[in-house]
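Reader: I am new to this one and would like a friendly tour. Could you show me what we will be talking about?

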Amino acid sequence: MLAVLSILGMVAFDQAVKLWAVRVLKPIGDIPLIQGIFHLNYVENRGSAFGLFLDQRLLFMVLTPVVLAAITFALWRGMIQTKTGKWSMYLLFGGAVGNYIDRIVRGYVVDLFYFKLIDFPVFNIADIFICSGAVLFFIYFQFQHKSPEPDREVKPDA
């Protein structure tokens, strides 16, 4: 139950920030929070992270439910063994749903956080969840995941 509420909270937070961006930031375009360093900058992203796969909406419309199903299956089957691993899945799931909603409703993903100092690609809350989930999953898989022991047959001495 905590997992579902957490994911719903992530999606709600992401969508609330994006709604604010559409209503308030879009007409302005850019709000410098720290001039020349960090800005809120309205961007309609029609690709994926870093603008890859531009105008491939159909790809994401098909791929996202497959990824969500795989995450659900892994959690349901108990394949993710620790809290770190489970939270990585919740973050990935919440971020994927947040961006998926944008693609369904708007046809693009709303991005707004921009580190101008290093010209880092503009991103959103869902992207933060996805990246955080990916980092947590890496930590989980490298340091916590235990592969099942293979069955070993005991052969009688011949």
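Reader: What share of the residues in the protein is buried?
Author: Good place to begin, and please keep in mind that this is a predicted model. A residue counts as buried when its relative accessible area is under 20%. Of the 158 residues in the protein, the buried share is 35%.

Reader: In what pattern do the helices and strands follow along the sequence?
Author: The protein has four helices and three strands. Read along the sequence, they follow the pattern α-β-β-α-α-β-α.

Reader: Is Asn 99 buried or exposed?
Author: Asn 99 sits in helix H3, which covers residues 83–105. Beyond its neighbours within four places in sequence, Asn 99 is in contact with several residues, including Asp 14, Lys 18, Val 109 and Ile 130. Its relative accessibility is 6%, and the cut-off is under 20%. Asn 99 therefore counts as buried.

Reader: Which residue has a positive phi although it is not a glycine?
Author: Most residues other than glycine have a negative phi. The residue you are after lies in the loop between strand S3 (109–115) and helix H4 (125–143). It is exposed, with a relative accessible area of 54%. With a phi of about 50 degrees, it is Asp 119.

Reader: How are the rings of Phe 120 and Phe 123 arranged?
Author: A search of the whole structure finds nine aromatic pairs, this one among them. Phe 120 is partly exposed at 34% relative accessible area, whereas Phe 123 is buried at 15%. Ring pairs also link both of them with Phe 38, Phe 113 and Phe 115 into a cluster. Their centres are 6.0 Å apart and their planes 85 degrees apart, and over 60 degrees counts as edge-to-face.

Reader: And is the pair of Phe 137 and Phe 141 stacked or edge-to-face?
Author: Both residues lie in helix H4, four residues apart, which is about one turn of the helix. Phe 137 is partly exposed at 28% relative accessible area, and Phe 141 is partly exposed at 45%. Their ring centres are 5.9 Å apart with the planes at 25 degrees, so the pair is stacked.

Reader: How much space lies in the largest cavity?
Author: The search of the whole structure finds one cavity of 30 Å³ or more. Its lining includes Asn 45, Arg 57, Phe 60 and Tyr 108, and the lining residues divide into two nonpolar, three polar and three charged. The space in this largest cavity is about 30 Å³.

Terms used: Residues are numbered from 1 along each chain as its sequence is written. This is a predicted model: local features need pLDDT of at least 70, side-chain atom pairs count only at pLDDT 80 or more; totals for chains, interfaces and linings use all residues. Side-chain values use heavy atoms; hydrogens and water are left out. On a 1 Å grid over the protein atoms alone, a cavity is a set of points where a 1.4 Å probe fits but cannot get out, and a pocket is an open set with protein on both sides within 12 Å along at least five of seven lines; lining residues have an atom within 4 Å of a point. Grid points are joined across faces, edges and corners, and a volume is the space filled by probe spheres set on the points. Ala, Val, Leu, Ile, Met, Phe, Trp, Tyr, Cys and Pro count as nonpolar, Asp, Glu, Lys and Arg as charged, and the others, Gly among them, as polar. Helices (H or I, at least four residues) and strands (E, at least two) are DSSP runs, numbered from the N terminus. Buried means under 20% relative accessible area, exposed over 50%, partly exposed in between (1.4 Å probe, protein chains only). Contact means heavy atoms within 4.5 Å. Rings of Phe, Tyr and Trp (its six-membered ring) pair if their centres lie within 6.5 Å; planes under 30 degrees apart count as stacked, over 60 as edge-to-face and the rest as tilted.
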